[in-house]
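Biologist: Could you take one part of this model and walk me through it closely? I'd like to hear what it touches and how it sits among its neighbours.

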Amino acid sequence: MEWLFPVQYAATWALVGLIWTIQIIHYPLFGQVGRDQFISYHQRHTRLITLVVGPLMLAELGTAVLLVLTGTRDPWFIASLPLLASIWISTWLVQIPLHNTLANGFDAQAHHRLVTTNWWRTAAWSARGICIMMMV
């Protein structure tokens, strides 16, 4: 299972780069799209970003589970697991519901909450990336 850690490392760092791109570029630009075109734009964004982020998140989670099951007990890895759990919880309980609200049309309050609450995922993925990097 020598491939587990390299896949974990690659998936985590791909997600770190992706979350920063989303946080700094994509989410703030939602407010610039215009109400008439927002639903279509948001639909395309959601569909296309899911094609990228979905497999990466599943690879990160799957390899983390396999690393636990194969006995990886590196303190940096163990420290990264609550971060991974919080990312998934935040995604399902905060970001997805906000995207569902925005899918019905631009909502300034939902957009603001999306941008501000996503800083937690950005920080958590960044911290997780550092933890995984410290294992090298």
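Modeller: Let's go straight to the face that helix 2 and helix 3 share. On the helix 2 side, the residues that meet helix 3 are Phe-38, His-42, His-45, Thr-46, Met-57, Leu-58, Glu-60, Leu-61, Ala-64, Leu-67 and Val-68. Across from them, helix 3 puts up Phe-77, Leu-81, Leu-84, Ile-87, Trp-88, Thr-91, His-99 and Leu-102. Keep in mind that this is a predicted model.

How do the two axes sit relative to each other? They come within 12 Å and cross at roughly 160°. An angle over 145 degrees counts as roughly antiparallel, and helix 2 and helix 3 are therefore roughly antiparallel to each other. The handedness of their crossing is left-handed.

Now helix 2 by itself. It runs over residues 35–69, which is 35 residues, and its first and last C-alpha atoms are 48 Å apart, close to the 51 Å expected at 1.5 Å a residue. It does have a kink, though: about 35°, centred on Thr-50. Its buried residues are Phe-38, His-42, His-45, Ile-49, Val-53, Gly-54, Met-57, Glu-60, Thr-63, Ala-64 and Leu-67. Those buried residues don't pack against helix 3 (75–102) alone, but also against helix 1 (4–29) and helix 4 (108–134).

Where does the chain go after helix 2? Just past its end, Gly-71 takes a positive phi of about 95°. Then there's Thr-72, in the loop between helix 2 and helix 3. Buried or exposed? Thr-72 has a relative accessible area of 17%, and the cut-off for buried is under 20%, so Thr-72 counts as buried. Leaving aside neighbours within four places in sequence, Thr-72 is in contact with Leu-67, Phe-77, Ile-78 and Met-135. Two of those names, Leu-67 and Phe-77, also appear in the list of residues where helix 2 and helix 3 meet.

Follow helix 3 along and you reach Gln-95. Gln-95 is buried, with a relative accessible area of 1%. Leaving out anything within four places in sequence, its contacts are Ser-90, Leu-114, Thr-117, Asn-118 and Arg-121. Take Leu-114: it is 19 residues from Gln-95 along the chain, and their C-alpha atoms are separated by 6.3 Å.

That brings in the pairing of helix 3 with helix 4. Their axes come within 9 Å and cross at roughly 160°. That makes helix 3 roughly antiparallel to helix 4. This crossing is left-handed.

One residue in helix 4 deserves a stop: Arg-128. At 0% relative accessibility, Arg-128 counts as buried. Which residues is Arg-128 in contact with, sequence neighbours within four places aside? The list is Gln-8, Thr-12, Glu-60, Ala-64, Phe-77, Ser-80, Leu-81, Leu-83 and Leu-84. Glu-60 and Ala-64 are among the buried residues of helix 2, and Phe-77, Leu-81 and Leu-84 are among the helix 3 residues that meet helix 2. Also, the C-alpha atoms of Arg-128 and Trp-76 are separated by 8.8 Å, with their positions 52 residues apart along the chain.

Gln-8 and Thr-12 take us to helix 1, where both are among the buried residues. The others buried there are Leu-4, Ala-11, Leu-15, Val-16, Leu-18, Ile-19, Ile-22, Gln-23 and Tyr-27. What do the buried residues of helix 1 pack against? Helix 2, helix 3 and helix 4. Helix 1 has 26 residues that should span 38 Å at 1.5 Å a residue, and its end C-alpha atoms are 36 Å apart, which agrees. Helix 1 also bends, by about 40° at Ile-22, and Ile-22 is one of its buried residues.

Stepping back to the protein chain: it has 4 helices and 0 strands, running α-α-α-α from the N terminus on. Its C-alpha trace spans about 50 × 25 × 20 Å along the principal axes. Of its 136 residues, 40% count as buried. And of the contacts with a separation of 6 or more, 80% are between residues 24 or more positions apart.

Note on methods
Residues are numbered from 1 along each chain as its sequence is written. This is a predicted model: local features need pLDDT of at least 70, side-chain atom pairs count only at pLDDT 80 or more; totals for chains, interfaces and linings use all residues. Side-chain values use heavy atoms; hydrogens and water are left out. Helices (H or I, at least four residues) and strands (E, at least two) are DSSP runs, numbered from the N terminus. The expected span of a helix is 1.5 Å times one less than its number of residues. The bend at a residue is the angle between axes fitted to the seven residues ending there and the seven starting there. Buried means under 20% relative accessible area, exposed over 50%, partly exposed in between (1.4 Å probe, protein chains only). Contact means heavy atoms within 4.5 Å. Axes are lines fitted to C-alpha atoms, for helices over the stretch in contact, and angles run from 0 to 180 degrees between N-to-C directions. Angles under 35 degrees count as roughly parallel, over 145 as roughly antiparallel, 65 to 115 as roughly perpendicular and the rest as oblique. A crossing is left-handed if the near helix is turned anticlockwise from the far one by less than a right angle, and right-handed if clockwise.
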